[in-house]
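Visitor: I am beginning my studies of molecular structure and would like to be guided through one example. May I put some questions to you?

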Protein chains: 2
Amino acid sequence: MAPEPPSPKRSRRGSGAVTLHDVARLAGVAPITASRALKTPQQVSEAVRQKVADAVARTGYVPNLLAGGLASTRSRLVAAVVPTISGMVFLETVQSLTEALAAHGYQLMLGQAGYSGNREDALLEAIIGRRPDGIVLTGIMHSAEGRRRLQAAGIPVVETWDLTPTPIDMLVGFSHSEVGRAVALYLHAKGRQRLGVVTGDDERARRRSAAFQAAAHTLGLPEVPIVQVATPTTLQRGRDGLAQLLAQQPRVDAVFCSSDLLALGVMTEARTRGLGVPDDLAVVGFGDLEFAAALAPSLTTVHIKGAAIGRQAAQCIVDRAEGRTVATPVVDIGFSIVPRQSA
Amino acid sequence: MAPEPPSPKRSRRGSGAVTLHDVARLAGVAPITASRALKTPQQVSEAVRQKVADAVARTGYVPNLLAGGLASTRSRLVAAVVPTISGMVFLETVQSLTEALAAHGYQLMLGQAGYSGNREDALLEAIIGRRPDGIVLTGIMHSAEGRRRLQAAGIPVVETWDLTPTPIDMLVGFSHSEVGRAVALYLHAKGRQRLGVVTGDDERARRRSAAFQAAAHTLGLPEVPIVQVATPTTLQRGRDGLAQLLAQQPRVDAVFCSSDLLALGVMTEARTRGLGVPDDLAVVGFGDLEFAAALAPSLTTVHIKGAAIGRQAAQCIVDRAEGRTVATPVVDIGFSIVPRQSA
DNA sequence: GTGAAAGCGCTAACAC
DNA sequence: GTGTTAGCGCTTTCAC
């Protein structure tokens, strides 16, 4: 046999998948040219473009984005962290976030922190280790330590569903205190006197409740009893919550709930007790999930533009990733009370 | 100055983050040793372990999993595909999947295919390109072309929430036809005669409906009218569905709904029309979401162990990724009818 | 127990 | 337009 050229010494490694090299060889061009033909077609000649396209089709080549991300330090991965996905409140946000990102070629990694922020550390490590192009934090409080790590990592961060005085980086949210105050004013305007609260025990819900309570006080209304239930809030907890509330204060005539599901529970419990909604008891929810409008009686609730939050957050991340400066890094997206039959 | 050794010619690239090299230099060992100290501590001496731990703490080093994944061809990333996250049916599955994976050091990537499988192609490309260690398909039908690409990619796949005759790879599901049949038998046993269906228009829901219809026929019951509503199913669509069903067949005395939310809509609509549930109208849902048990009347529904599905799927993927053979690659996880007040 | 060398598959930088 | 070179940050292989 003829002496072989220093053979590539076929490696013991690799996934065995088709690589850009294979495509390039097949197309008769250099790897970088094949790369350009795929990423920036306007930079190569029509002939090359065609040859590469053919080679891709023939081999079924799928670019390895891990390798690309490593080389370009742009992973096109975005991490989203929610307390728990089954809370339902953030579904719309996560959905629109996923879609908006996908439209730009980014992929979403989902992390669940738990409401009690103990897994936070391991989660942060897992996330930062993946070098995402951005992190979207939704509905979670984070420890000072966590904030520091995020800042140190230098990854764009968007906090959502809240307006914190000292954001880590960017922010798309609204004021929970304002919500509480607005609902108290609304119920007072409707002539309600003896207000009550059934709320999940997470930080933001508590802030709404506290503001609600304070506003009622300012309005000269009687002390507002607050029943806290475990998070995530469920229909059953809403029922239990109302039962507890009535035990404390039998004459309540309006209840502010920290979620629509909780409100549905309150309405359900009221019905089984022969309490008419809204006649005997006004009920206000939070979130304006789809079912709120369709209930009978329909549910008065606080509408949050969850989908808009997701889209905005995606836009912030993508802008940053593409090197654009984000025009408005802090957005108060507001909220609105949707008056319906229940209050 | 003394002539420098061929200087590393400080690169124009890189993220600027602390790397394993930095840690190793600080600890006074070779990079590979630092790597071992972190990944397989039992392979290095106590002294080295300590020095490396110190260096990590001092620098705040977070391993770059992209690089690790590229080198080891194990990304520790798992992709999950759902039709849309806002459908709620799969929430429990996604939640337990995320958690079970996180417990093993894997991270979840979420993809939404849409019920109408047109985005499927782009999504598959995005997923495969990330070289995940596994893919979990939940509640979606996939084109023959899509199946082929998945198989060609050689990535472990777990299909869930269905029992397909020819799985792509692994499977954790149950038979939708069996569900339809079982519910028909249940209602018949309860003495119901004029059955109806309100169903989302996705493939699996249709299969349940068809089997339900066929079983009713076999039982000698009158022809079963089926009202199809758009997916995702919502409370409002349930209300509309019942209205439509009553228009077609005013004397229905039992309705099988393709989701609990739809069932809640049907119950709501029935109540506003003065139809008693279950006296005038029996209602059966599907999914057994948390609220089903807490409604008044409580909702009879088909219970699916969503969390168990997620856990099992995670186990399948992890086992495969670690090179173990999966004992039972096809699991029929079954279902059960939960008899409650509504039927 | 520790290390040197050689990539994993891709792209940034700089030629030509 | 196209190619060469040199990494991105890590782990595998093989040697000591």
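Guide: The questions and answers below concern a predicted model.

Visitor: Which residues of chain A does the UniProt annotation "domain: HTH lacI-type" cover?

Guide: The annotation comes from an unreviewed UniProt entry. The stretch of chain A in question is 71% helix and 0% strand. According to the record, the domain covers residues 18–72.

Visitor: How far apart are the end C-alpha atoms of residues 18–72 of chain A?

Guide: The two ends of this stretch are compared through their C-alpha atoms. Over residues 18–72 of chain A, that distance is 20 Å.

Visitor: Which part of DNA strand C, sugar or phosphate on one hand or bases on the other, supplies 68% of its atoms within 4 Å of the protein?

Guide: DNA strand C is surrounded by 29 residues, and Leu20(A), Ser35(A), Tyr61(A), Thr33(B) and Arg36(B) are the closest. Of the strand's atoms within 4 Å of the protein, the bases hold what remains after the 68%. The part that supplies the 68% is sugar or phosphate.

Visitor: Which atom of DNA strand C lies 2.5 Å from a polar side-chain atom of Thr33(B)?

Guide: Polar contacts with this strand involve more than one kind of atom. A base oxygen of DNA strand C is 3.2 Å from a polar backbone atom of Ala71(B). For Ser45(B), a backbone N or O atom lies 2.9 Å from a phosphate oxygen. The atom that lies 2.5 Å from the side chain of Thr33(B) is likewise a phosphate oxygen.

Visitor: Which helix gives the most to the surface near DNA strand C?

Guide: Helices H2 (31–39) and H4 (65–72) of chain A, together with H2 (31–39) and H4 (65–72) of chain B, each supply at least two residues of this surface. The residues of the surface divide into 13 nonpolar, 11 polar and five charged. The helix that gives the most, with four residues, is H4(A).

Visitor: Which helix gives the most to the surface near DNA strand D?

Guide: Around DNA strand D there are 30 residues, of which Thr33(A), Arg36(A), Leu20(B), Ser35(B) and Tyr61(B) come nearest. Sugar and phosphate make up 63% of the atoms of this strand that come within 4 Å of the protein. Helices H2 and H4 of both chain A and chain B each supply at least two residues here. With four residues, the most is given by H4(B).

Visitor: How many charged residues belong to the surface near DNA strand D?

Guide: A side-chain N or O atom of Lys39(B) is 3.1 Å from a phosphate oxygen of this strand. The surface also includes 13 nonpolar and 11 polar residues. The number of charged residues is six.

Visitor: What distance separates a backbone N or O atom of Leu20(B) from a phosphate oxygen of DNA strand D?

Guide: Another residue, Thr33(A), places a polar side-chain atom 2.6 Å from a phosphate oxygen of DNA strand D. For the backbone atom of Leu20(B), the distance is 2.4 Å.

Visitor: Is strand E3 (residues 134–138) of chain A largely enclosed or open?

Guide: In a regular strand, side chains alternate between the two faces of the sheet. Here Gly134(A), Val136(A) and Thr138(A) lie on one side and Ile135(A) and Leu137(A) on the other, and all are buried. Because five of the five residues are buried, E3(A) is largely enclosed.

Visitor: Which residue of E4(A) stands opposite Ile135(A)?

Guide: E3(A) pairs in the parallel sense, over four bridges, with strand E1 (residues 77–82) of chain A, where Ala79(A) has Ile135(A) as its bridge partner. E3(A) also pairs with strand E4 (residues 157–160) of chain A, again in the parallel sense over four bridges. E3(A), helix H7 (residues 144–153) and E4(A) make a right-handed β-α-β unit. The residue of E4(A) opposite Ile135(A) is Val157(A).

Visitor: Which residue is joined to Pro278(A) by a cis peptide bond?

Guide: Pro278(A) lies in the loop between helix H11 (260–272) and strand E9 (282–287) of chain A. The omega angle of the bond is about 10 degrees. The residue joined to Pro278(A) is Val277(A).

Visitor: Is Arg131(B) buried or exposed?

Guide: Arg131(B) is found in the loop between helix H6 (120–129) and strand E3 (134–138) of chain B. Its phi is near 45 degrees, a positive value in a residue other than glycine. Buried means under 20% relative accessible area. With a value of 18%, Arg131(B) is therefore buried.

Methods:
Residues are numbered from 1 along each chain as its sequence is written. Chains are lettered from A and ligands numbered from 1 in the order in which they are written. This is a predicted model: local features need pLDDT of at least 70, side-chain atom pairs count only at pLDDT 80 or more; totals for chains, interfaces and linings use all residues. Side-chain values use heavy atoms; hydrogens and water are left out. UniProt positions are given in the numbering used here, feature names are shortened, and annotations may be inferred rather than shown by experiment. A residue is near a molecule or strand if one of its heavy atoms lies within 4 Å of it. A polar contact is a pair of N or O atoms within 3.5 Å; within protein, one must be able to donate a hydrogen and the other to accept it, and residues adjacent in sequence count only if both atoms are side-chain atoms. Ala, Val, Leu, Ile, Met, Phe, Trp, Tyr, Cys and Pro count as nonpolar, Asp, Glu, Lys and Arg as charged, and the others, Gly among them, as polar. Buried means under 20% relative accessible area, exposed over 50%, partly exposed in between (1.4 Å probe, protein chains only). Two strands pair if DSSP finds at least two bridges between them. A crossover is right-handed if, with the strands pointing away from the viewer, the path from the first strand over the helix to the second runs clockwise.
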